[in-house]
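Here are my notes on the model you sent round, set out as numbered points. I have kept to what can be read from the coordinates and have left interpretation aside.

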Amino acid sequence: MARAEEDRSSYEVCKETADWLRARTAQHPKTAIICGSGLGDLADVLEKKAVFPYEDIPHFPRSTVAGHAGRLVFGELSGQPCVCMQGRFHCYEGYSGSTVTFPIRVFSLLGVEVLITTNAAGGLNHHFQVGDIMFIRDHISMFGLGGQNPLRGPNDERLGVRFPCMSDAYDPDLLSLAMESAQELGFQSFVHAGVYCMLAGPSYETIAESRVLQALGADAAGMSTVPEVIVARHCGLRVLGLSLITNRAATSYSSPEEASHEAVLRVSVARAEALCRLLARLTARLGESPRAPRPQPLTFI
Ligand SMILES: O=P(O)(O)O[C@H]1O[C@H](CO)[C@@H](O)[C@H]1O
């Protein structure tokens, strides 16, 4: 029988982990980066690293998926203090929403202000090629629409409000900065913005399901990210989401595409260098500019 999962939804548990980490590193990260499947190299490029295997950190869950090493890496990227999750947690591993998102709350208590979350995803948009990068403009959560929201349960106001807004989940200023950074690197031919759809997994979608997702307006599909983003917004972090298109979702019964995690990891590893360059550029730009004031939203339309 499976062991009962520890309840990581409480403020006190999150704070205990944050205090433990604060006592062991002099670094004060302002940006947290979550490395998607096979994208752990993003953490390896940090300088002045302090590395904590997940199993050494109190209350931290364990990574169980190939391509997710299970280490928290503090360091500097382009001279900016960052913390990187070399390995994320997924609901399909059997973890609850509060366990999957536990690190986000710890980061918030550590003073992190920006979350950059990356993932490997299957392309649904016909214009996307394998190896392309999609900045996430918005999401659809099949998981969340089915009632599996990581904020389900009692709300502790010290962590965030009961009913957080999600129409601004992906920060428009960060998205613009990311697009500009991609352009500066000459990446514009393989960079897009689009809608990420979260599926429960771990099975990949059927052809009929992929067609439904396309009809719903999804550009890429994956099994992660959305719970992290919801909790990040709940605790006031600004979010940039980025999908690496590692495969094309099959949408025709005559198409040769067959999804496999091995193929996903192969493409991730092959494209990790481009992503490292992009994140290094973006982090440098983040460090340069004090946050530009947002244009006033229109009050009536
Ligand atoms: O979203 P990340 O963690 O990048 O991983 C993606 O790749 C795995 C499937 O190959 C799933 O876990 C899916 O969510």
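**Notes on the predicted model**

1. I begin with Thr99, which, once the neighbours within four places in sequence are left aside, is in contact with Glu5, Glu6, Arg8, Pro61 and Phe89. This residue is found in helix H3, which covers residues 97-100, and Thr99 is classed as buried because its relative accessible area is 0%, where the limit for that class is under 20%. As with everything that follows, this is read from a predicted model.

2. Thr101 is found in the loop between H3 and helix H4 (102-110), and it also counts as buried, at 0% relative accessibility. Its side chain reaches back to the backbone oxygen of Gly97 at 2.7 Å, and to the backbone oxygen of Ser98 at 3.5 Å. Leaving aside neighbours within four places in sequence, Thr101 is in contact with Pro150, Pro227, Glu228 and Val231. Between Thr101 and Arg88 there are 9.0 Å from C-alpha to C-alpha, for a separation of 13 residues in sequence.

3. Which residues of the largest nonpolar core touch the most other members? That core holds 47 residues, and the ones in question are Leu21, Phe52, Ile57, Leu72, Phe74, Ile104 and Leu115. Apart from it lies another core, of 33 residues, which includes Leu174, Phe187, Leu242 and Ala274.

4. Leu115 deserves a separate entry. When neighbours within four places in sequence are set aside, Leu115 has contacts with Ala32, Ile34 and Ile104, and further along the chain with Glu228, Ala232, Leu237, Arg238, Val239 and Leu240. Ile104, one of these partners, is itself listed with Leu115 among the core residues that touch the most other members. Glu228, another partner of Leu115, is also in contact with Thr101.

5. Turning to the ligand, 13 residues surround it, and the closest are Ser37, His90, Tyr92, Tyr204 and Ser224. By class, this shell divides into five nonpolar residues, seven polar ones and one that is charged. Strand S5 (114-123) and helix H9 (261-288) each supply at least two residues of the shell.

6. Several short distances to ligand oxygen atoms should be noted. An N or O atom in the side chain of Ser224 is 2.5 Å from an oxygen atom of the ligand, and for the side chain of Tyr204 the corresponding distance is 2.6 Å. For Ala120 the atom involved is a backbone N or O, which lies 2.8 Å from an oxygen atom of the ligand. Taken alone, the ligand exposes 340 Å², of which the protein buries 96%.

7. Asp44 has its place in helix H2, residues 41-44. Is this residue buried or exposed? With a relative accessible area of 39%, Asp44 is partly exposed, because that value falls between the limits of 20% and 50%. Not counting residues up to four places away in sequence, Asp44 touches Lys49, Arg71 and Gln86, and with Gln86 there is a polar contact of 3.1 Å between the two side chains. The C-alpha atoms of Asp44 and Gly75 are separated by 9.6 Å, although these residues stand 31 places apart along the chain.

8. Two residues other than glycine have a positive phi and may be worth a look. Lys48, in strand S2 (residues 47-53), has a phi near 55 degrees, and Lys48 is exposed because its relative accessible area of 61% is over 50%. Ser78, for which phi is near 50 degrees, sits in the loop between strand S3 (71-77) and strand S4 (80-86). With a relative accessible area of 35%, Ser78 is partly exposed.

9. Finally, there is a cis peptide bond to record: Gly201 and Pro202 are joined by it, with omega at about 0 degrees. Pro202 lies in the loop between strand S7 (191-198) and helix H7 (207-216).

Conventions. Residues are numbered from 1 along each chain as its sequence is written. This is a predicted model: local features need pLDDT of at least 70, side-chain atom pairs count only at pLDDT 80 or more; totals for chains, interfaces and linings use all residues. Side-chain values use heavy atoms; hydrogens and water are left out. A nonpolar core is a set of buried Ala, Val, Leu, Ile, Met, Phe, Trp, Tyr and Cys residues joined through side-chain atoms within 4.5 Å. Buried means under 20% relative accessible area, exposed over 50%, partly exposed in between (1.4 Å probe, protein chains only). Contact means heavy atoms within 4.5 Å. Helices (H or I, at least four residues) and strands (E, at least two) are DSSP runs, numbered from the N terminus. A polar contact is a pair of N or O atoms within 3.5 Å; within protein, one must be able to donate a hydrogen and the other to accept it, and residues adjacent in sequence count only if both atoms are side-chain atoms. A residue is near a molecule or strand if one of its heavy atoms lies within 4 Å of it. Accessible areas come from the Shrake-Rupley method with a 1.4 Å probe; for residues, only the protein chains shown count as cover. Ala, Val, Leu, Ile, Met, Phe, Trp, Tyr, Cys and Pro count as nonpolar, Asp, Glu, Lys and Arg as charged, and the others, Gly among them, as polar.
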